[in-house]
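I opened this notebook to keep track of what I looked up, one topic at a time. The entries follow the order in which I went through the topics.

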Amino acid sequence: MTPEHVLRRPPLVLDQRAREQYVADGFLTVPGYVGTAWLDRLHAVVTAKIEESRALAESDDQFDLAPDHSAEKPNIRRLRKAVDQHPELWAFAQDPLVVDLVADLLGPDLRFHSSKLNFKWSDGGDAVGWHQDIQAWPHTNFGVLTFGVYLDDTGPEQGPLTALPGTHRGTIFDQFDDDGRWTGAVVARDVATLRTDTARELCGPAGTVVLLDCRVVHGSAANFSPRMRPLLLNVYSAADALPITPTPAPTTKTGVLVRGQEPTHVHMEPYPGRLPPRWDQVGYRSIFAAQTTAARPAWVD
């Protein structure tokens with residue numbers, strides 16, 4: 001389905017103006033959308049995973065840990081393949097509360113792609129440089145988005161997601177350095193071509209949902225506040241958008257139809273970007289690890 005086709009369908013959750021805003025900007029914030037009952041369940045998962053991480057000295061297939069992580073002072077950057085790490089996270093990912101909202105933007109037939117829980121730890125949680133998502137997992141069309149939900153109140157001081165409106169209609173940037181290494185970030189010379197002065201901080205109270213088009217340029221500043229910023233991120237695609245390269249962090253649920261019906265045809269659009277590394281051969285940990293290994297990514301605080 002094209003965005004025009006999607007907008008012709010009656011909405012389930014959003015009003016029409018909000019849907020049109022998403023198409024125009026490449027992102028949408030829905031304040032306080034997830035209620036207390038689900039937030040309490042998700043907070044319980046966060047607490048359990050923090051306790052579990054205390055037994056680890058280094059990152060593994062579940063946890064991406066910051067270099068200063070310790071049992072006494074945990075510092076988790078990311079819970080990888082989140083829906084595989086706790087049944088509550090998969091239950092949330094397929095709840096009609098979630099998938100009906102996504103359907104208002106991608107159409108009625110939806111497939112689950114991937115999942116992570118970013119912690120953005122207090123007192124220095126990592127910044128994420130400007131980047132686009134689609135280069136890490138190209139699809140046959142651009143009907144792919146990220147559904148993010150803030151588990152706690154998130155303001156400018158917590159390093160919220162920040163996006164550049166309209167960039168989903170522009171260039172698909174190469175996210176490699178001059179030596180051909182994947183960085184997961186737009187390089188400085190390309191950032192210089194962007195209107196970073198138009199950046200919007202996507203803030204809101206606990207339960208706020210942020211929806212990001214797979215092409216929109218976005219990032220986040222460091223969190224120097226005394227509170228961490230847990231953000232659960234699930235990626236969904238229109239069912240007729242199929243991956244054309246291996247998924248960086250596949251889950252046992254990757255490719256599962258979570259709403260609607262299986263399509264009879266694939267929707268094809270040209271993909272002008274450079275293909276990512278073969279993740280099934282070289283492995284993948286997180287954007288934090290990629291951007292840390294590379295030269296410091298461009299970010300405007």
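**Entry 1: what kind of model**

I noted at the start that this is a predicted model. I kept that in mind for every value below.

**Entry 2: Lys81 and its surroundings**

I began with Lys81, which lies in the loop between strand 3 (76-80) and helix 4 (87-93). I asked whether Lys81 is buried or exposed. The relative accessibility of Lys81 is 15%, and buried means under 20%, so Lys81 counts as buried.

I then looked at the backbone. The phi angle of Lys81 is near 50°, which is a positive value in a residue other than glycine.

Next I asked which residue forms a salt bridge with Lys81. I found Asp61, with the closest N and O atoms 3.3 Å apart. Asp61 sits in the loop between helix 3 and strand 2 (63-65), so the pair ties together parts that are 20 residues apart in sequence. Unlike buried Lys81, Asp61 is partly exposed, with a relative accessible area of 45%. Arg80 also belongs here, as Asp61, Arg80 and Lys81 are linked in a network of salt bridges.

**Entry 3: another lysine with positive phi**

I looked up Lys120 as well. Its phi is near 45°, again a positive value in a residue other than glycine. Lys120 is found in the loop between strand 4 (110-118) and strand 5 (128-131). With a relative accessible area of 4%, Lys120 is buried.

**Entry 4: further salt bridges**

How many salt bridges are there by the rule used here? The count comes to 15. I wrote down two more of them.

Arg41 and Glu88 meet through their side chains in a salt bridge, at 2.7 Å from N to O. This pair links distant parts of the chain, with Arg41 in helix 3 (residues 36-53) and Glu88 in helix 4, 47 residues apart. I checked Arg41 for exposure and found a relative accessible area of 35%, so Arg41 is partly exposed.

Glu51 forms a salt bridge with Arg54, where the closest N and O atoms are 3.1 Å apart. Glu51 is partly exposed at 46% relative accessible area. Arg54 is partly exposed too, at 30%.

**Entry 5: helix 2 and its buried side**

I turned to helix 2 (residues 16-25) and asked which of its residues are buried. They are Ala18, Arg19, Tyr22 and Asp25. These residues cover an arc of only 145° around the axis, so they lie on the same side of helix 2. I added a reminder on helices: an α-helix has 3.6 residues a turn, so residues three or four places apart point the same way.

What covers the buried residues of helix 2? I listed helix 1 (3-8), strand 1 (27-30) and helix 5 (96-106) among the covering elements. The cover also includes strand 6 (144-150), strand 8 and strand 9 (209-213).

**Entry 6: Val6 in helix 1**

I followed the cover of helix 2 to Val6, which lies in helix 1. Val6 counts as buried, because its relative accessibility is 3%. Leaving aside neighbours within four places in sequence, Val6 is in contact with Met1, Arg19, Ala103, Asp104, Leu105, Leu106 and Gly107. I looked closer at one of these contacts, Arg19. Val6 and Arg19 are 13 residues apart along the chain, and their C-alpha atoms are separated by 9.2 Å.

**Entry 7: a four-stranded sheet**

I found an open sheet of four strands in the order 5-10-7-8, with antiparallel pairing. Which strands stand at its edges? They are strand 5 and strand 8 (200-201), each with a single partner strand, so one side of each has no neighbour in the sheet.

I also looked at how strand 5 joins strand 10 (residues 218-220). The two run antiparallel and are joined by two bridges. For His131, the bridge partner in strand 10 is His218.

**Entry 8: a nonpolar patch on the surface**

My last topic was the surface. Leu242, Val266 and Met268 form a nonpolar patch there, with about 260 Å² of accessible area together. I picked out Met268, whose place is in the loop between strand 12 (257-259) and helix 7 (279-282). Met268 is exposed, with a relative accessible area of 57%.

Note on methods. Residues numbered from 1 in each chain as written. Predicted model: local features only at pLDDT ≥ 70, side-chain atom pairs only at ≥ 80, totals over all residues. Heavy atoms only, no water. Patch = residues over 30% accessible without salt bridge, like charges linked within 9 Å, V, L, I, M, F, W, Y side chains within 5 Å. Areas by Shrake-Rupley, 256 points an atom, 1.4 Å probe, with all protein chains shown as cover. Salt bridge = Lys/Arg side-chain N within 4 Å of Asp/Glu carboxyl O. Buried < 20%, exposed > 50% of the residue type's maximum accessible area, 1.4 Å probe, protein only. Pairing = 2+ DSSP bridges. Arc of directions from axis to C-beta. Contact = heavy atoms within 4.5 Å.
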